Amino acid sequence: MKQKIPCFCDKSFFVEFPEEPDLDAEPSFIDEMMDGSFMNFTCPACGKLHKPEFPITVLWPSKKLRLEVLPELDRGLFYRRQENPEDTETVIGFPEMIERIAIIRDGLEPLAVEVLKYFLLLKADESYPGREPVIRYDNSSAVGLEFHISGIRQDEYGISRIPMEVYEKTCTDYRTHPRAELYRGLRVKTYLSVQNTIRPDLPGQFKTEN
Ligand SMILES: [Zn+2]
């Protein structure tokens, strides 16, 4: 797909990128996502680096993943959208895309990770009321899962580690009680995210899934 990028230097330039990047066919996309260079473009006139968010669908057939990635600007549009693609998961914004790809890469259950983020968010809100912390899964090891928390102090992020047993316990509980209110509240249509539990501007959306 070809798109025009307007630059601050008053010049515009065209860029080409795959609308449906396939991570099995091009595993280097995964590395680019993790190091932040995925879909970066440089203005040929002034050299400024652009990181635009264009809507794409990431395919990862070996993981049975079809991930619709919407630009952050279309967040409101998603909730109003009537038609939703089938057999597709949705994330909104490239940071959520990168996080979800890391979760799948590490063989984790996305819902359980969002549950852990939900509890970390509650804790952060208790310790730092009034802030708007953002919590992202970063990596995991035998010891546990590592999350980065930003938005509490300027230009700084904190690290939280959740022991593997807690993650496993969350997975077991989800398998036992998949219809529990918290689990249902994390998903709106094709979009699974802790963001769905913290949107007071969307009355009643906590109950949209049956
Ligand atoms: Zn430029």
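Helices (H or I, at least four residues) and strands (E, at least two) are DSSP runs, numbered from the N terminus. One such strand is β6 (residues 65-70), where Leu-67 lies. This is a predicted model, in which local features need pLDDT of at least 70, side-chain atom pairs count only at pLDDT 80 or more, and totals for chains, interfaces and linings use all residues. Residues are numbered from 1 along each chain as its sequence is written, and side-chain values use heavy atoms, with hydrogens and water left out.

**The zinc site**

- Four sulfur donors, Cys-7 (SG), Cys-9 (SG), Cys-43 (SG) and Cys-46 (SG), coordinate the zinc ion at 2.2 to 2.4 Å; donors are N, O and S atoms within 2.8 Å of the metal (3.2 Å for Na, K and Ca), and since water is not among the atoms, sites may look incomplete.
- The angles among the four donor atoms are 103 to 111°, and the site is tetrahedral, a label given to four donors if all angles lie between 85 and 135 degrees.
- Along the chain, the donors of the zinc ion have the spacing C-x1-C-x33-C-x2-C.
- Cys-9 lies in the loop between β1 and β2 and Cys-46 in the loop between β3 (41-42) and β4, so this pair ties together parts that are 37 residues apart in sequence.
- Cys-9 is partly exposed at 30% relative accessibility, and Cys-46 is also partly exposed, at 42%; buried means under 20% relative accessible area, exposed over 50%, and partly exposed in between (1.4 Å probe, protein chains only).

**The β1-β2 hairpin and His-50**

- Strands β1 (residues 2-6) and β2 (residues 12-16) run antiparallel and are joined by five bridges; two strands pair if DSSP finds at least two bridges between them.
- Lys-4 stands opposite Phe-14 in β2.
- Five residues separate the strands of this hairpin, and Asp-10 in the turn has a positive phi of about 80°.
- His-50, in strand β4 (residues 49-50), counts as buried at 10% relative accessibility.
- Leaving aside neighbours within four places in sequence, the contacts of His-50 (heavy atoms within 4.5 Å) include Ile-5, Phe-13 and two of the zinc donors, Cys-7 and Cys-43.

**Strand β6 and its partners**

- Five of the six residues of β6 are buried, so the strand is largely enclosed by the rest of the structure.
- Leu-67 has a relative accessible area of 0% and is buried.
- Not counting residues up to four places away in sequence, Leu-67 touches residues including Ile-56, Val-91 and Arg-100.
- On one side, β6 pairs with strand β5 (residues 56-60) in the antiparallel sense over five bridges, and Val-58 stands opposite Leu-67.- The hairpin of β5 and β6 has four residues between the strands, with Lys-64 taking a positive phi near 55°.
- With strand β7 (residues 89-92), β6 pairs in the parallel sense over four bridges, and Leu-70 stands opposite Ile-92.

**Helix α5**

- The 13 residues of helix α5 (residues 164-176) reach 18 Å from the first C-alpha to the last, close to the 18 Å expected at 1.5 Å a residue; the expected span is 1.5 Å times one less than the number of residues.
- Met-164, Tyr-167, Thr-170 and Cys-171 of α5 are buried.
- These four cover an arc of only 120° around the axis, which puts them on the same side of α5; the arc is that of the directions from the helix axis to the C-beta atoms.
- Glu-165, Lys-169 and Thr-176 are exposed, on the face of α5 turned away from its buried side.
- Among the elements covering the buried residues of α5 are α4 (110-127) and β10 (157-163).

Terms used. Four donors count as tetrahedral if all angles lie between 85 and 135 degrees; four count as square planar and six as octahedral if opposite donors are over 155 degrees apart and all others between 65 and 115; anything else is irregular.
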